[in-house]
Amino acid sequence: MPVVAVVGDGQLARMMQTEAVELGQSIRLLAGALDASAAQVVADVVLGDYTNLDDLRRAARGASVVTFDHEHVPTEHLTTLISEGINVQPGPHALVNAQDKLVMRERLQGMGAPVPPFVAIETAQDALDFYRQVDGAVCLKARRGGYDGKGVWFPHGAEELEQLVEDLLGQGVPLMAEKKVELVRELSAMVARTPSGEVASWPVVESVQVGGVCAEAVAPAPDLREDRASQSRELAVQIATELGVTGVLAVELFEDAEGIWVNELAMRPHNTGHWTQDGCVTSQFEQHLRAVLDLPLGSTDMLSETTVMANVLGGPDDPDMPMPQRMAEVWRRFPDAKIHLYGKTWRPGRKIGHVNVSGNSPAASAALRRRAQLAAHFLVHAVWADGYMS
């Protein structure tokens, strides 16, 4: 049976392992530590550094395919692996668009995808010129390495922008700037694509951000106009096809009064797709494994009219109540709640799990969101946010 080498040891790789077991596949993990999230549940673990070519070679040896739970592997190493006959999915020609935001913006603009006005920032003067062009509506971004709200700045005024750019460039941070979108909400359009070109897409979801971190995903996105839903799904398919993405692709979108704009790309399973574990015939993790092995893709039909995912993010303090007891209390109140934990220790703001709930009533979205929020809050704080007493 196939051996899938996964570079990265986080919760995404951990949840790939769950699906690989059911598919009869075997995961080999390149991990930084044996107590990492995925390394706790995978039998075949290679300890190493994903920036080290020899460590990548050790993980890839004899595997059917190499894939990822993050986008940070140096593309030159992946090009070398491919030259040595190793099957890498997605390939570096696609992955670079998820690694470098300026490269991504330029490529998307070239294919006619909707992107906000943007510019490379090489000097503080570049930033000030752009500031005037967009009437001060500037979003400054690190081109590489930012995630969960990190590496993104919204300066207040030209003076703050100039100082910020000088400081960041002085630290060697490569920068770009784009026009700040007056968004109504954030959306996520996810697809999977095989090397032979088969593509399957999931319903577009609404992504709710708190402090730059995804807190909820609601599927399908409530009250999304049909034309925008179709445009979002077609755009995700276009991007996957024209960039040559294989595996799962998440296209994060801004919706404003005028339409939709591409924000970011992720070329692997994504936080906004966790709802598919309990809300779809085929989860994003199973689909990713099928796709990178060039197997027929599974159905993306929803199992319920609405599914809501709420992230379990570590609070300022870790309660004394053991997590198994917290889970039991959630299930007593919400027997249908699906809890997924990542095997991570507590840390403020850390993603330690998520909760999925589903329903079929026409007005289910608001009620399901409240139940998911309450369940996630209890798992974090060991108290019910609405004062409920069991």
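**Leu-249 and its surroundings**

I started at Leu-249 and listed what it touches, skipping residues up to four places away in sequence: Ala-189, Met-190, Val-191, Ala-236, Ile-239, Ala-240, Leu-265, Ala-266 and Met-267. Note to self: this is a predicted model.

Next I looked up the core around it. Leu-249 is among the residues with the most contacts inside the largest nonpolar core, along with Ile-239, Val-262, Leu-265 and Met-267. I have 46 residues down for that core. Which helix gives the largest share of it? I found helix H8, residues 226-243, with 6 residues.

Then I checked the domains. Domain 1 (3-88) and domain 3 (185-381) both give residues to this core, so I wrote it down as lying between them.

I also noted another core, apart from this one. This other core has 23 residues, and Met-323, Ile-339, Ala-372 and Leu-374 are among them.

**Strand S9**

Ala-189, Met-190 and Val-191 from my Leu-249 list made me look at strand S9, residues 185-193. Is this strand enclosed or open? I get 9 of the 9 residues buried, so S9 is largely enclosed by the rest of the structure.

I went through the two faces separately. On one side I have Arg-185, Leu-187, Ala-189, Val-191 and Arg-193, and on the other Glu-186, Ser-188, Met-190 and Ala-192. They are all buried, so I count both faces as covered, going by the under 20% cut-off for relative accessible area. I note that charged names turn up on both lists: Arg-185 and Arg-193 on one, Glu-186 on the other.

Partners of S9, as I noted them:

- Strand S13 (residues 247-255) pairs with S9 in the antiparallel sense over 9 bridges. The bridge partner of Arg-193 there is Gly-247.
- Strand S11 (residues 205-210) is also antiparallel to S9, over 3 bridges. Here I found Leu-187 opposite Glu-206.
- Strand S10 (residues 199-201) is joined to S9 by 3 bridges and runs antiparallel to it. Ala-192 stands opposite Ala-200.

I looked at the S9–S10 connection too. The two strands form a hairpin with 5 residues between them. In the turn I marked Gly-197, which has a positive phi of about 105°.

**Rings around Trp-384**

Last stop, the aromatics. I count 3 aromatic pairs in the structure. Phe-334 and Trp-384 make one that is edge-to-face, with 5.9 Å centre to centre and 85° between the planes. Why does this pair tie together separate parts of the chain? Phe-334 lies in the loop between helix H11 (323-333) and strand S16 (338-341), and Trp-384 in the segment after helix H12 (364-381), so the parts joined are 50 residues apart in sequence.

I then followed Trp-384 on to Tyr-388. Their ring centres are 5.7 Å apart and their planes are at 90°, so I logged this pair as edge-to-face as well. Ring pairs link these three residues and Phe-378 into a cluster.

Buried or exposed? I checked each: Trp-384 is buried at 10% relative accessible area, and Phe-334 is buried too. Tyr-388, at 33% relative accessibility, counts as partly exposed.

I also looked for charges over rings. Arg-333 lies over the face of Trp-384, at 4.7 Å from the ring centre. Elsewhere I noted Lys-180 over the face of Phe-154, at 5.3 Å from the ring centre.

How values were computed:
Residues are numbered from 1 along each chain as its sequence is written. This is a predicted model: local features need pLDDT of at least 70, side-chain atom pairs count only at pLDDT 80 or more; totals for chains, interfaces and linings use all residues. Side-chain values use heavy atoms; hydrogens and water are left out. Rings of Phe, Tyr and Trp (its six-membered ring) pair if their centres lie within 6.5 Å; planes under 30 degrees apart count as stacked, over 60 as edge-to-face and the rest as tilted. Helices (H or I, at least four residues) and strands (E, at least two) are DSSP runs, numbered from the N terminus. Buried means under 20% relative accessible area, exposed over 50%, partly exposed in between (1.4 Å probe, protein chains only). A charge sits over a ring if NZ of Lys or CZ of Arg is within 6 Å of the ring centre and within 35 degrees of the ring normal. A nonpolar core is a set of buried Ala, Val, Leu, Ile, Met, Phe, Trp, Tyr and Cys residues joined through side-chain atoms within 4.5 Å. Domain bounds come from an automatic or database domain assignment. Contact means heavy atoms within 4.5 Å. Two strands pair if DSSP finds at least two bridges between them.
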